[in-house]
Amino acid sequence: MAEHATLSASGSAKWLTCPASLAMESMGTLVDKGSEASREGTAAHFLASESLTHDISPMTYLGENIISDGESPATWAYAGDRRVDENLFEVTEEMIEAVEIYIEYIQAQQGINNFYETKVDYSHIAPGGFGTADALVETLRDDKGVLYVVDLKYGKGVRVDAFENSQGMLYAVGALNSLGFLLDNDIKEIVVVIVQPRLQHISEFQISVEDLNAWAEEEVRPKALVAHELLDFMCSARRISTVVNAGKAEIALEHFNPTTKGCRWCKAKPVCRAVASQGYEAAIEGFEPVANLADVVVKKENLVNVNALTNEEIAAVYGKIKVFKDWAAGLQDLITKKIGDGEYIPGYKLIPTEGNRAWSLDDAETIKALRTAGLQKKD
C-alpha cells in the first residue's frame, strides 16, 4: 500500500487555499483509486524512474506492461501475472516520447548529484508533511549551488505552471531538510520545473533559498497548522452530520475558501456547502447562506441580470460560477454513485440510455448514399 502524507505537497494548492478541505475529505465517502489517466501517469513516472536509475533508454522497455492500480507503487508486469486489465499499461511509443523529453531536460542540467523518486520530509513546516520528488538535480552555476526540483506531469488535460508552484516549492523545502547533508554545495537557489511533454510545455521558476524559507515560515506553517487542527477535529467526530449540527463543534465558515484551483481535485467538493453557497450567491441577488439549501427558492426574477453588471461585477460573478460548474459536475457523479449504491435521492433515479446515431454526411451526400444503397427517392 502506497504511503500518503497528511499534508501532501501534491494537494497543497487545496489545503493552503482552503484549510477546511482536508477535514471535509476525511469523511471518506468519496475516496477512490484515481482515474485511468492518473494511473497511466503513475506508470509513466515508473518508466522514467527505471530508465534514469538504470541509465537505460526508455525505448528498451517498448511493449512491456506496467501495473499501476492507484494504491500500490507501480511495478513491472511479468508473465503469468494475473491483474485487472484496467491496471495494466503498455509502454507505447507515445509514452516513451514523453518520458524522453523529461529525461533530456534532466540530463541537460549536467547534475553533480541526481536523485530520482526520492522521499523528502517537510514535517518541520507542515505536520506529517512529506512527498516524493520526481527528480532533484544539484548543479553549480556561477560558483553558486543550485537545486533543480523537476516534476513530470504526464497528463494533457490541465496546463500547470512552475511560477510559485506550491508542490514544487514544498519538495524543495523537504529536499533541503532531508538531503542537505548529501549535497556537495551550499544551495543558494532553487529552480522549480514543470515538464508536461504531451502539452509541449516546460515551465521554470527560480527562487532563492532565503525567500523559499521565508515563504515556508510565513505562508505555509500557519496555514498547515490550521488545516491539521481541523483535520484532527473532524477525525475525532463520529459523523459529519454530528459535527455540522453540534453548534460550538462546527467548523467556522472562515476556514472555507472555494476557488477554481483549490477545489479542482478536492474529493469533498460535491458535498461542500461552501461551494454550493458560492454558486447561489453568484446566481441570486441578495442570497444569504442558509442552513438548508433546499429551502432556497430560485426564481427567474431573482436571478442576477448580467446585462446590468459592471465589468468588475461580471468578473466576480464569473469567477464564482466557474467553481460552481465544477461542483455541479462532481455532484452529478455523486448522485449517480449514491443511487447505484442503493441510496434514495428524492426525485431522481437512474434511467438506461442509448446513444443517438446520426449521419456524418451533409444532406446531399446522405441522399446520394441512400440512393446508392438502393432506396427510392420517395423513400
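This tour moves through the cysteines, the cavities and the salt bridges of a predicted model.

**Cysteines**

Begin by selecting Cys266, together with Cys263. No disulfide includes Cys266, and the cysteine sulfur nearest to that of Cys266 belongs to Cys263, at 6.3 Å. Because a disulfide requires two cysteine sulfur atoms within 2.5 Å, this separation of 6.3 Å leaves the pair unbonded. Extending the selection to the whole structure gives a count of zero disulfides.

Is Cys266 buried or exposed? Its relative accessible area is 12%, so Cys266 is classed as buried. Select Cys18 next: with a relative accessible area of 11%, Cys18 is buried as well.

**Cavities**

Keep Cys18 and Cys266 displayed and turn to the internal voids. Over the whole structure, three cavities of 30 Å³ or more are found. The largest cavity has a volume of about 90 Å³.

Which residues should be selected to locate the centre of this largest cavity? The lining comprises 13 residues, and those nearest the centre are Cys18, Ser21, Cys263, Cys266 and Cys272. Both cysteines already described as buried, Cys18 and Cys266, therefore reappear in this group.

Now colour the helices α2 (21–25) and α8 (260–263); these are the elements that contribute two or more residues to the lining of the largest cavity. Colouring the lining by residue class shows nine nonpolar residues, three polar residues and one charged residue.

**Salt bridges**

The final part of the tour concerns charged side chains. The structure contains 10 salt bridges, and three of them are visited here, beginning with Lys153 and Asp151.

Select Lys153 and Asp151. Their salt bridge has its closest N and O atoms 3.0 Å apart, and both residues are buried.

Move next to Lys188 and Asp186, which form a salt bridge with a closest N and O separation of 3.1 Å. How accessible are the two partners, Lys188 and Asp186? Lys188 has a relative accessible area of 44% and is therefore partly exposed, whereas Asp186, with 56%, is exposed.

Finish at Arg159 and Asp161, where the side chains meet in a salt bridge with an N to O distance of 3.8 Å. Arg159 is exposed, having a relative accessible area of 56%. Asp161 has a relative accessibility of 41%, so Asp161 counts as partly exposed.

How values were computed: Residues are numbered from 1 along each chain as its sequence is written. This is a predicted model: local features need pLDDT of at least 70, side-chain atom pairs count only at pLDDT 80 or more; totals for chains, interfaces and linings use all residues. Side-chain values use heavy atoms; hydrogens and water are left out. Buried means under 20% relative accessible area, exposed over 50%, partly exposed in between (1.4 Å probe, protein chains only). On a 1 Å grid over the protein atoms alone, a cavity is a set of points where a 1.4 Å probe fits but cannot get out, and a pocket is an open set with protein on both sides within 12 Å along at least five of seven lines; lining residues have an atom within 4 Å of a point. Grid points are joined across faces, edges and corners, and a volume is the space filled by probe spheres set on the points. Helices (H or I, at least four residues) and strands (E, at least two) are DSSP runs, numbered from the N terminus. Ala, Val, Leu, Ile, Met, Phe, Trp, Tyr, Cys and Pro count as nonpolar, Asp, Glu, Lys and Arg as charged, and the others, Gly among them, as polar. A salt bridge is a side-chain nitrogen of Lys or Arg within 4 Å of a carboxyl oxygen of Asp or Glu.
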